[in-house]
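Biologist: I'd like a close look at the inside of this protein, the packed part rather than the surface. Could you walk me through it in one go?

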Amino acid sequence: MSEVQLEKLLIDPPAEFAAQANAKADLYEKAAADRLAFWADEAENLDWFKKWDKVLDDSNPPFFKWFVGGKINACYNCVDRHVKTWRRNKAAIIFEGEPGDSQVLTYDQLYGEVQKFANVLKSLGVQKGDRVTIYMPMIPEAVIAMLACARIGAPHSVVFGGFSSDALRDRINDAKAKLVITADGGWRRGKVVPLKANTDKALEEAPTVEKVIVVKRVGDAAQINWVEGRDLWYHELMAKADRHCEPEQCDAEDMLFILYTSGTTGKPKGILHTTGGYLTQANMTMRYVFDIKDTDVYWCTADIGWITGHSYVVYGPLSAGATVVLYEGGPDYPDKDRFWAIIEKYRVNIFYTAPTAIRTFMKWGLEYVQRHDLSSLRLLGTVGEPINPEAWMWYYKHIGGERCPIMDTWWQTETGAHMVSPLPGITPLRPGTATLPLPGIEVDVVDENGEPAKEGYLVVKSPWPSMMRTIFGGDECYVNQYWSRFNGKYYFTGDGAKRDDLNYIWVTGRVDDVLNVSGHRIGTAEVESALVECQEVAEAAVIGKKHEVKGEAIVAFVILKEGVQPSDELVNKLKKHVAAKLGAFCRPDDIIFTAELPKTRSGKIMRRLLRDIAEGRAIGDTTTLADPGVMAELKEKYASKEE
Ligand code: PRX
């Protein structure tokens, strides 16, 4: 089928799935009839120490508060309450290490570990409200660390293990973290990720950190330095820790975590999430979108360093009492069938991954898939970027065996949980679209003036429980970035979108200066600042070029300083610098040296034109350029580079 035909295809929910689905069609009506009552009912699925006095406080927009006056603890909801039921001995985490080691933690075991670690944190002086940075591989201790922070009301800031020491340092300093939890290293494609070494380097310029707790993961495979008085082994602390620690009775609006994400400025933003509303929506979407059942084995492949890992590896599934698979390493280690081997080994029922991974699997070919029995799967999910209909069909056919509904979930770090997604068993599916807003969520496509449109900007029209509350230390920035575009009326997502004949929403991608490379969000300004830090570089403009597997690839147009000669060595040096500065996943694919950049008369770089060049299109309107001649030179440069 051609892409065009696929875009019209409609797949009805199978009757067997619908018959057993958690979500019932009347949810939409119920939410539409009384949105706040709907959310209050959803919040009842959590255990509260004290119920809220008010569902939504909208007296000071855009600073909204949910479940005001409620007292709750996220860790209690993810662990303690399950231990009081038959789930006590149910597997909470099934861990698969990249080298092939594995471990199962039941809810009761998790309960013990989390309480012990909460006591460790307390004994090191961590108090309610203190920020703790977590820089770890995907191992059970990472989840234990997050939950232990939540237990004592200390907000965590998880930094993805792929980030460089500079990026880690900036995030530690912005959060003013008191303590860092890391590991000696982690396994990735057979190699050690030097987490402890990166932490040491970051801490050279991070004065707020008093202690570093180090999990021994790779042992002799990593040579690490030890700073006496500052560094402490996790296992030594845990051996002495008491197994009982009462959960803190947090306010619904107490900060649960900060998570840094890229925006249009050069500086990452600390997205701040609070407790009650966040957990309500993470839990609700787990039940309705992922149809989680107690009999399921659930696997989300995201790293806990991203929001998907927070909401759908930790808080969503554990609050729902699910069995979660946690995998440490890469999809191609030791071979390209590792994911399918894991699904077969643990009989995974629900699988959630990113379109870029699916496109990679397509490229690798079916032989890896066909080595394994994937018949346990019953529901699939995708997140992170638009999924092209062809990749959707491949996933549906070859991974889901044409029996698993695919949940294409649109959401963001800022939204905290799913916002636009089909409901399994209810929504007819169409390859490539996240379909409709979830019950209780008011998302729309609008034009420049905020009027509903067939094509335009994706906005959220009313507050939702798991929304970000602000940017850590940046209330003003929060208002400007998200609420000023439509004069405080709507939350602006930064995404463009279209509606089709069924009113389904097709998210087309970012309309701001944010790239989406393999589902990772990267600000063009961050890469540009990294480049201009190099002494050879006078100016840089970074754009995303369409890429078959990654979605977008990073292309940098660079003006060198007077007297600096372009060379292949310099290209490599600059690429390396960006990787070292930000993280390997931010390394530019192409660097083009140029004498000029296309700018408007007011000096703004016209990235749209650079994209035209990089993607080999006819160059768009250049009338606003200060010097339209620039484009011919650039085009020629790029063409000669491609040859
Ligand atoms: O552009 C959208 C894209 O990812 C952005 C959010 O990135 P981040 O905060 O890193 O969170 C990713 C995981 C939730 C969005 O602004 N995006 C995410 N999911 C989808 C998507 N684009 C299209 N379809 C999706 N399902």
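Modeller: Here is a tour of the interior, starting with the main core and moving on to the cavities, a pocket, the ring pairs and two helices.

Keep in mind that this is a predicted model. The largest nonpolar core has 195 residues, and those with the most contacts inside it are F117, L147 and Y315. Helix α7, residues 140–152, gives this core its largest share, ten residues. As a rule, nonpolar side chains in soluble globular proteins tend to be buried together.

Let's zoom in on F117. Leaving aside residues up to four places away in sequence, F117 touches I144, A145, A148, I181, I213, Y234 and M238. There is also another core, apart from the largest one, with 18 residues, among them F557, L597, M631 and Y638.

While we're in this region, take a look at G112. G112 sits in helix α6, which covers residues 107–123. With a relative accessible area of 2%, G112 falls under the 20% cut-off, so it counts as buried. If you want a ruler for the interior, the C-alpha atoms of G112 and H156 are separated by 20 Å, and the two residues are 44 apart along the chain.

Now for the empty spaces. Searching the whole structure turns up two cavities of 30 Å³ or more. The largest cavity holds about 60 Å³ of space. Its lining has 13 residues, and A150, G153, C250, M255 and T275 are the closest to its centre. Helix α7 comes up again here: α7 and β14 (255–261) are the elements that give two or more residues to the lining of the largest cavity. By class, that lining divides into eight nonpolar, three polar and two charged residues.

The second largest cavity has a volume of about 40 Å³. Its lining is made by F163, S262, R521, I522, E526, L582, F585 and C586. Five of these lining residues are nonpolar, one is polar and two are charged.

E526 from that lining leads us to a helix. In α18 (residues 524–532), seven of the nine residues are buried, so the helix is mostly covered. The buried ones are T524, A525, E526, V527, E528, A530 and L531.

Pockets, unlike cavities, are open. The second largest pocket contains about 220 Å³ of space. Of the 16 residues that line it, T264, Q481, F492, G494 and D512 are the closest to its centre. Helix α17 (475–483) and strand β24 (491–499) each supply at least two residues of this lining. The lining of this pocket has four nonpolar, seven polar and five charged residues.

Next, the aromatic rings. The structure holds 45 aromatic pairs. One of them joins W52 and F67 in an edge-to-face arrangement, 5.0 Å centre to centre with 65° between the planes. W52 lies in the loop between α4 (35–43) and β1 (54–57), while F67 is in strand β2 (residues 65–68), so the pair ties together parts that are 15 residues apart in sequence. W52, at 14% relative accessibility, counts as buried. F67 counts as buried too, at 0% relative accessibility. Elsewhere, ring pairs link F63, F64, W464, Y478, Y482, W483 and Y491 into a cluster.

The loop with W52 follows on from α4, so let's look at that helix. The buried residues of α4 are R35, F38, W39, A40, E42 and A43. For a bench view of that pattern, remember that an α-helix has 3.6 residues a turn, so residues three or four places apart point the same way. What covers the buried residues of α4 includes α3 (26–33), β1, β2 and α11 (276–288).

For contrast, finish on a residue at the surface. A32 lies in helix α3, one of the elements covering the buried residues of α4. A32 has 68% relative accessibility, over the 50% cut-off, so it counts as exposed. The C-alpha atoms of A32 and L366 are separated by 44 Å, with the two residues 334 apart along the chain.

Note on methods:
Residues numbered from 1 in each chain as written. Predicted model: local features only at pLDDT ≥ 70, side-chain atom pairs only at ≥ 80, totals over all residues. Heavy atoms only, no water. Core = buried A, V, L, I, M, F, W, Y, C linked by side-chain atoms within 4.5 Å. Buried < 20%, exposed > 50% of the residue type's maximum accessible area, 1.4 Å probe, protein only. Helix = DSSP H or I, 4+ residues; strand = E, 2+ residues; numbered from the N terminus. Contact = heavy atoms within 4.5 Å. 1 Å grid on protein atoms, 1.4 Å probe; cavity = no way out; pocket = protein on both sides within 12 Å on 5 of 7 lines; lining within 4 Å. Points joined across faces, edges and corners; volume = space filled by probe spheres on them. Nonpolar A, V, L, I, M, F, W, Y, C, P; charged D, E, K, R; others polar. Phe/Tyr/Trp six-rings, centres within 6.5 Å; stacked < 30°, edge-to-face > 60°.
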